[in-house]
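Here is a friendly walk through a structure you may be meeting for the first time. Keep the 3D view open while you read.

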Amino acid sequence: MVEIANDDDFRRLLEGLDTAGQRAVAAHFVDNVLPLSGDDRIRHVTEIIAKPDAREDDLSMAFHTARTVTVDTHNRCGAECDWQDQAGYFVARAALAAVTPADQLAGGPAFQAAMSSRMARTCMGIGTAEDTAGQERQAQYRILSEFIQSQE
Amino acid sequence: MSGASLERGIHAFKEAIDAPVASFFSSCVRCGLCAHACLFFTETEDPKYTPIHKLEPLRRVWQQEYTFWGRLASALGLSKPVTDEDLADWETLVYDSCTMCGRCSMICPVGNDIAYMIRKMREGMAVAGHAPPGLIGATQRAVTIGSPMGVKLPALQAQIRQVEEETGMTIPVDVEGADYMLLLSSMEIMNFPEFIGALAKIFDQADVSWTISSNAFEATNSGIQIGVSEIAAELVQRIVDAVEKLKVKYVISPECGHAYMAIRWEGPNLIGKPYSFKVVHVLELLDELREQGRLKLSSKESQRLTYHDPCQIARRGGVVQQPRNLLNMVADDFAEMPETGTMNWCCGAGGGVSSNERADELRLTVFKRKKAQLDAVRPDAIVSACSNCRIHLEDGLEKYAMEIPVLSLTETIAEHLAEKDKSGE
């Protein structure tokens, strides 16, 4: 198993993955927070991203769908916040990052998907004493470590 | 807003008719030029959206109460008093089809500030009980919770914790004696918390001493949007109190249009005294840091970028050149849309329109104007400096199937920032 002690290690290892690897591990990150989204469209997007042999047409459709869900789920200005709904927005953003071309995202798709997934957990933990984002971070370290090992 | 009645509304109208409003009404030559400056008219061609027409109940009160012939006509029973039905009819014109963008004020040949008059008219509409439910809810939450979206301190703290983990930096909270106090809009805290991290990176590189106040972090002011000066003043005073407690020299207004207008331009008038500190928009500060050579980039954006001027920051706030200086620093290919800067077209969602679900269809209809501006430039990405504009631009682009990402200017700069030189040289 690859030891990941902190986010610097995490980011470095993610940046070492090729495009397909980034997308595959991003799909796992999104999948881990999928229960926080009640939107079936995101479930479908995640299924497409997770396929190693996904066609360009399917990925393009997944990108459009993830973008639409992101726009549909943001909290409008002045509307009362609902952190559970907002978790769904960040899950959609994670899925969108996972399928966005690598050169359009600082840090790459997998890192951005990881950050948005943690934000989704943060939303769920607001108002509780639980370190939900910290737990998600540890889960992501484990996911990445297992993914790298599976590639060896 | 409790105890709303027509009587209170008319009374508020009379109070709202100050010297500028009275002179504006008496100066209007009914030329109709303001119609062609308003995207609600240009994109629908419905004459009811002519800006000066949106003020008709207020104009009638002015005429009947404050002009010789109007008072005579009233005394003789020849004029029709403003009724509750009139105000109900005008509610959508005043709140749904006006973003208080101020473009009509720029175009008026006799210099009438129509946006100012709409702001004044909303004072009477709100106390008469003719404000949209979405805005009433936002205003009540702003007063009771401190945020129009109900964002409480624990939520901000949770977002800060995650930003700290992501960036490895400490976000300063309640640091007494810092130079700058950063305000945030609830939109940033909820939808774009990465803005906090972006600014932390920039401030770290530029050695800016800053803090966030746990007592007053909210920048927006729904009291102004709905038109209740008492509430607007209370919200400004909370910020003033926090500044005095922390003894900071400057307040930073974030990437939010109306927050800047509220805290910088309306604030001192609302509380009735000058500030003991200065208010700067985040772009003003970033441009100052650029000018001083304190922003060092490691790369530049190669995509073709264009800039959407938030109305309250550019047209009503005067921050026009600073974003352009910053964009020319960070981008190789910055292209201006036609009609920008002080004459930019509103995105269609300012002035409380985005809080008002009833106005959704209309705000997306009038987005056609922004679409036309974007079609002329065909950018790879749109940059802006207002979270509300950003969300609405995304909505509009989705509606018209335009695949253009929308970026924050602050975040774009942070993305291209060089690593800080820790050598001390």
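What follows is a short tour of a few helices, a chain-to-chain contact and some individual residues.

## Before we start

Keep in mind that this is a predicted model. Everything below is computed from that prediction.

## Where the two chains meet

Let's begin with the contact between the chains. Chain B puts 30 residues into it, and chain A puts in 22 residues. On the chain B side, four helices each supply at least two residues: α9 (133-144), α10, α11 (186-191) and α20 (387-399). The largest share comes from α10(B), with 8 residues. Sorted by class, the side of chain B that touches chain A holds 12 nonpolar, 10 polar and 8 charged residues.

Now zoom in on one pair of helices across this contact. Helix α6 of chain A (residues 109-125) and helix α10 of chain B (residues 153-167) have axes that come within 10 Å and cross at roughly 155°. That angle makes α6(A) roughly antiparallel to α10(B). The crossing of α6(A) with α10(B) is right-handed. From α6(A), the residues taking part are Met115(A), Arg118(A), Met119(A), Thr122(A) and Gly125(A), and they meet Ala158(B), Gln159(B), Gln162(B) and Glu166(B) of α10(B). That set of residues splits into 3 nonpolar, 4 polar and 2 charged.

## A closer look at α6(A)

How far apart are the end C-alpha atoms of α6(A)? They are 24 Å apart, and this agrees with the 24 Å that 17 residues should span at 1.5 Å a residue. Is α6(A) tucked away or out in the open? In this helix 17 of the 17 residues are buried, so α6(A) is largely enclosed by the rest of the structure. After the helix comes Gly127(A), which has a positive phi near 95°.

α6(A) also has a partner within its own chain. The axes of α6(A) and helix α7 of chain A (residues 132-151) come within 7 Å, crossing at roughly 145°. This crossing of α6(A) and α7(A) is right-handed. On the α6(A) side you'll find Ala114(A), Ser117(A), Arg118(A), Arg121(A), Thr122(A), Met124(A) and Gly125(A), which meet Thr132(A), Ala133(A), Glu136(A), Arg137(A) and Gln140(A) of α7(A). By class, the contact of α6(A) with α7(A) has 3 nonpolar, 5 polar and 4 charged residues. Arg118(A), Thr122(A) and Gly125(A) are listed in this contact and also in the one with α10(B).

## Helix α4(A) and its cover

Next up is helix α4 of chain A (residues 56-73). Its 18 residues should span 26 Å at 1.5 Å a residue, and the end C-alpha atoms are indeed 26 Å apart. In α4(A), the buried residues are Ala62(A), Phe63(A), Thr65(A), Ala66(A), Arg67(A), Val69(A), Thr70(A) and Thr73(A). What covers them includes α3 and α5 (83-99) of chain A.

One residue of α3(A) is worth finding: Ile42(A), which sits in that helix (residues 40-50). Ile42(A) counts as buried because it has 26 C-beta neighbours inside 10 Å. Setting aside residues up to four places away in sequence, Ile42(A) touches Leu34(A), Ser37(A), Ala66(A), Val69(A), Val91(A), Ala92(A) and Ala95(A). Ala92(A) is 50 residues away along the chain, yet the C-alpha atoms of Ile42(A) and Ala92(A) are separated by 6.4 Å.

## Loop residues in chain B

Most residues other than glycine have a negative phi. Arg30(B) has a positive one, near 55°. Arg30(B) lies in the loop between α2 (19-27) and α3 (39-42) of chain B, and it counts as exposed because it has 8 C-beta neighbours inside 10 Å. Glu339(B) also has a positive phi, of about 60°, although it is not a glycine. Glu339(B) belongs to the loop between β6 (331-334) and α18 (360-365) of chain B, and with 15 other C-beta atoms within 10 Å it is partly exposed.

Asn356(B) is found in the loop between β6 and α18 of chain B. Is Asn356(B) buried or exposed? It has 25 C-beta neighbours inside 10 Å, so Asn356(B) counts as buried. Leaving out neighbours within four places in sequence, Asn356(B) is in contact with Tyr95(B), Asp96(B), Pro132(B), Gly134(B) and Leu135(B). The C-alpha atoms of Asn356(B) and Ile136(B) are separated by 9.6 Å, with the two residues 220 residues apart along the chain.

Technical notes:
Residues numbered from 1 in each chain as written. Chains lettered and ligands numbered in written order. Predicted model: local features only at pLDDT ≥ 70, side-chain atom pairs only at ≥ 80, totals over all residues. Axes fitted to C-alpha atoms, helices over the stretch in contact; angles between N-to-C directions. Parallel < 35°, antiparallel > 145°, perpendicular 65-115°, else oblique. Left-handed = near helix turned anticlockwise from the far one by under 90°. Contact = placed C-beta atoms within 7 Å. Nonpolar A, V, L, I, M, F, W, Y, C, P; charged D, E, K, R; others polar. Expected span 1.5 Å × (residues − 1). Buried ≥ 20, exposed ≤ 12 C-beta atoms within 10 Å, placed from the backbone.
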